[in-house]
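Trainee: Hey, I've got a new structure to get to know and no idea where to start. Can you walk me through it?
Mentor: Sure, let's have it on screen.

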Amino acid sequence: MRTVRPDDGSRWRWLTDRLVQSRPAVLGDEAGHRHASWLELFFDVVFVFALAAVAGRLGHDPTPRLTSVLAAAGIFVVVEWAWVGHVYYDTRYDPDDGVHRLMMLGALLGAGAITLGVDEVPKGLLFPVGYLIVRGVLLLLYLRARPTSEGARMVTTVYLIGFGAGWLIWLVSLFVPPHLRPWFWVVGICVDLATPWVGYRRLNRFPVDARHLPERIGQFTIIVLGSSVADLLAAMPRYPGTIMVLHAALAFVVPASIWWIYTAFVGTGVGVNRLKAGHAYSYIHTPLLGALLLLGWALGQTVRVIDSGATRMSIELRLVLAGSLFVWMGCELALRALVASISGERWAVAAYGVTSVGLVVFLVPSPALLLALLAAAMLGYAVLRTRELNRLSREHAHTGASPGRS
């Protein structure tokens, strides 16, 4: 008996049935909350190395040039944006099926190319090609999720048009002279960053998962803080003495204090009520995380200066150290403003933080004494901020508000 083979239409139907996303999103836990999947955590691993490559571009020069710092900051924005784009997709549509996993492995290859190409920016092509792969996979994922619902069609239309335009600008940059590429990248990133704000009315109608997005951004924040600690360890001599270990411990107090404040803020659970599409929350984190990456490098350089026996730090290093802390404090204050109005006490605590850091960094000549006083100032700031956040959390619990989608 002759075997009946499917016609061409059936074959195409079989293929499209597997390429089109079959369900809108993965299920949450028993309470309905979405948590990071194993694939998402695996995706983070490559970006750990990308962050190390960005910080490594600054080298060990205790007098960094402004152009070098700005270039590192710009590359960080690209790396962070490549990561966060997939977070927004995952929080709405991640089906965690075979096709999705294969596509994400392609995005991982792109992230690897970004990591390998950081040192060659702007001459090499690995960096822009890697970004094109990561963002190209994201566009394909949105195309795949588009038929799942009417809401998905509205959301993906915004992203496909805006991100598609940004992707084309990056593609064109491959064919221009190397010294002109960064200008195309800046325009492309600006188009990407503007896209959610242009379409915010549509996007706000379909909020992100109020637990998943802060969890994922918090995980990336911990990764950046871990990179800061790694910079401190790399700055230590091979056989450190007791004094150097003490200096490294004092430097560690600074990122530890930031971790203390950040986890206290996230632990309040208050901010999730105002997430909506989540853009303000994530956009504030971009300069916040960039500042933390530069802070880690600056603390590592401070430890190296102390180890060299120098009695003074360069003004350039002091500016990076103070500037990164000022930017972090400003962004942390902005996150607090997303939750509720800022009281006079909060302004007083912020003024203490900025004033104490500024006085220590710019008026203390000895690097060793500067590090000790900076650690004390940041620890005091963490105590004051945590007390205020704990009170906010109690007030939130007393009102009976329950975090969730808004």
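Trainee: Which residue does aspartate 192 form a salt bridge with?
Mentor: That would be arginine 135, and their closest N and O atoms are 3.5 Å apart. A salt bridge here is a side-chain nitrogen of Lys or Arg within 4 Å of a carboxyl oxygen of Asp or Glu. Aspartate 192 sits in helix H7 (residues 181-198) and arginine 135 in helix H5, so the pair ties together parts that are 57 residues apart in sequence. Helices (H or I, at least four residues) and strands (E, at least two) are DSSP runs, numbered from the N terminus.

Trainee: And are those two buried or exposed?
Mentor: Both aspartate 192 and arginine 135 are buried. Buried is under 20% relative accessible area, exposed is over 50%, and partly exposed is in between (1.4 Å probe, protein chains only).

Trainee: Before I go on, what kind of model is this?
Mentor: This is a predicted model: local features need pLDDT of at least 70, side-chain atom pairs count only at pLDDT 80 or more, and totals for chains, interfaces and linings use all residues. Residues are numbered from 1 along each chain as its sequence is written, and side-chain values use heavy atoms, with hydrogens and water left out. As for pLDDT, that's the predictor's confidence in each residue, from 0 to 100.

Trainee: What's the mean pLDDT of the chain?
Mentor: The mean is 82, and 84% of the residues reach 70 or more. Among the elements, helix H5 (residues 126-145) has the highest mean, 93, and helix H1 (residues 8-19) the lowest, 47. Over residues 1-9 the pLDDT is below 50, and beyond near neighbours in sequence that stretch has one contact in the model. Contact means heavy atoms within 4.5 Å. Residues 24-31 also stay under 50, though the model has 14 contacts for them beyond four places in sequence.

Trainee: OK, how many helices and strands are there?
Mentor: The chain has 14 helices and zero strands. Half of it is inside, so to speak: buried residues make up 50% of the 406 residues. Of the contacts with a separation of 6 or more, 82% are between residues 24 or more positions apart.

Trainee: Back to salt bridges. How many does the structure hold?
Mentor: Five. One of them pairs arginine 153 with glutamate 150, with the closest N and O atoms 3.1 Å apart. Both lie in helix H6 (residues 150-173), three residues apart, about one turn of the helix. Arginine 153 is partly exposed, at 32% relative accessible area.

Trainee: How far apart, N to O, are glutamate 332 and arginine 385?
Mentor: In that salt bridge the distance is 2.1 Å. The pair links distant parts of the chain, with glutamate 332 in helix H12 and arginine 385 in helix H14 (residues 367-399), 53 residues apart. Glutamate 332 is buried at 6% relative accessible area, and arginine 385 is buried at 1%. There's also a network: Glu40, Asp44 and Arg216 are joined by salt bridges that share partners.

Trainee: What about aspartate 231, which side chain of opposite charge is nearest?
Mentor: Arginine 304, but it is 6.8 Å away, and aspartate 231 is buried yet has no salt bridge. For charge, Lys and Arg count as positive and Asp and Glu as negative, while His and the chain ends are not counted. Aspartate 231 is in helix H9 (residues 212-235), and the residues it touches more than four places away in sequence include Leu293 and Trp297.

Trainee: New topic: which residues form the nonpolar patch on the surface?
Mentor: Phe42, Val45, Val48, Phe49, Leu102 and Leu105, with about 580 Å² of accessible area together. Patches are made of residues with over 30% relative accessible area and no salt bridge: like charges are joined within 9 Å, nonpolar side chains (Val, Leu, Ile, Met, Phe, Trp, Tyr) within 5 Å. The areas come from the Shrake-Rupley method with a 1.4 Å probe, and for residues only the protein chains shown count as cover. H2 gives the largest share, four residues. Phenylalanine 49, found in helix H2, is exposed at 54% relative accessible area.

Trainee: Last one: where is the cis peptide bond?
Mentor: From valine 121 to proline 122, with omega near 5°. Proline 122 is in the loop between H4 and H5.
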